[in-house]
Amino acid sequence: MKGIFSVEVENKAGVLSHVSGLFARRGFNIDSLAVGETEDKDISNMTIISSGDERVMEQIEKQLNKKIDVIKVRRFSESKVVTRELLMIKVTYTNATRADIMQICSITGAHIVDLAPKSMVIELTAKTKKVDRFIKLMQPFGIVQIARTGAVAIQREID
């Protein structure tokens, strides 16, 4: 089971360390972590994805709520949330493979954002599974470097 948590925290030094330390001390795994400022510069939002059974998810939520720097914790259901992840991947290419890479990018919605004589940087914003599949598609061309943000999430409008 995946737990998707949106955690509003005070935007100050050490908060990320406190929250990640909680996971380490309790033996909880962080599958994905993304942090950024909200519309209020004094508040950051952490999207934390973890895995475990229902008891573990409840413990994570309770422990996060105990933290002084935590303002609000929301736990999202996978069916009621929109998630996206940003991938930047540098791949090598030759004259023979460049068109193939460009075609894959066109089909998948990825964008070439930098082109050098022997490599290119591609960005893709998508669900985590699509990002994983895109990486597999790029492996035959020669991956030089990968940078991923981790998933960010926002709750769907509730009817």
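Here is a short chat between a visitor and a guide about the structure above.

Visitor: What kind of model is this, and what pLDDT do local features need?
Guide: It's a predicted model, where side-chain atom pairs count only at pLDDT 80 or more, totals for chains, interfaces and linings use all residues, and local features need pLDDT of at least 70. Residues are numbered from 1 along each chain as its sequence is written, and side-chain values use heavy atoms, with hydrogens and water left out.

Visitor: How many strands are there in the chain?
Guide: Helices (H or I, at least four residues) and strands (E, at least two) are DSSP runs, numbered from the N terminus. Starting there, the elements go β-α-β-β-α-β-β-α-β-β-α-β-β. Besides four helices, that chain has nine strands.

Visitor: How far apart do the C-alpha centres of domain 1 and domain 2 lie?
Guide: The bounds come from an automatic or database domain assignment, which gives domain 1 (2-76) and domain 2 (82-155). Their C-alpha centres are separated by 28 Å.

Visitor: Which three residues supply 60% of the area that domain 1 buries against domain 2?
Guide: Seven residues of domain 1 are in contact (heavy atoms within 4.5 Å) with eight residues of domain 2. Buried area is the accessible area (1.4 Å probe) that two parts lose on being put together, summed over both. Here it is about 530 Å², with 64% from carbon and sulfur atoms. The domain 1 trio you're after is A34, T47 and F76.

Visitor: Which residue forms a salt bridge with E8?
Guide: A salt bridge needs a side-chain nitrogen of Lys or Arg within 4 Å of a carboxyl oxygen of Asp or Glu. By that rule the count is eight, though between domain 1 and domain 2 it's zero. With closest N and O atoms 3.4 Å apart, the partner of E8 is R74.

Visitor: Which element gives the most to the lining of the largest pocket?
Guide: On a 1 Å grid over the protein atoms alone, a pocket is an open set of points where a 1.4 Å probe fits, with protein on both sides within 12 Å along at least five of seven lines; lining residues have an atom within 4 Å of a point. Of the 17 lining residues here, I4, I49, E78, T83 and T128 are the closest to the centre. β1 (2-10), β5 (81-92) and α4 (128-138) each supply at least two residues. With five residues, the top contributor is β5.

Visitor: Which domains does that lining draw at least three residues from?
Guide: The lining of the largest pocket isn't confined to one part of the chain. At least three of its residues come from each of domain 1 and domain 2.
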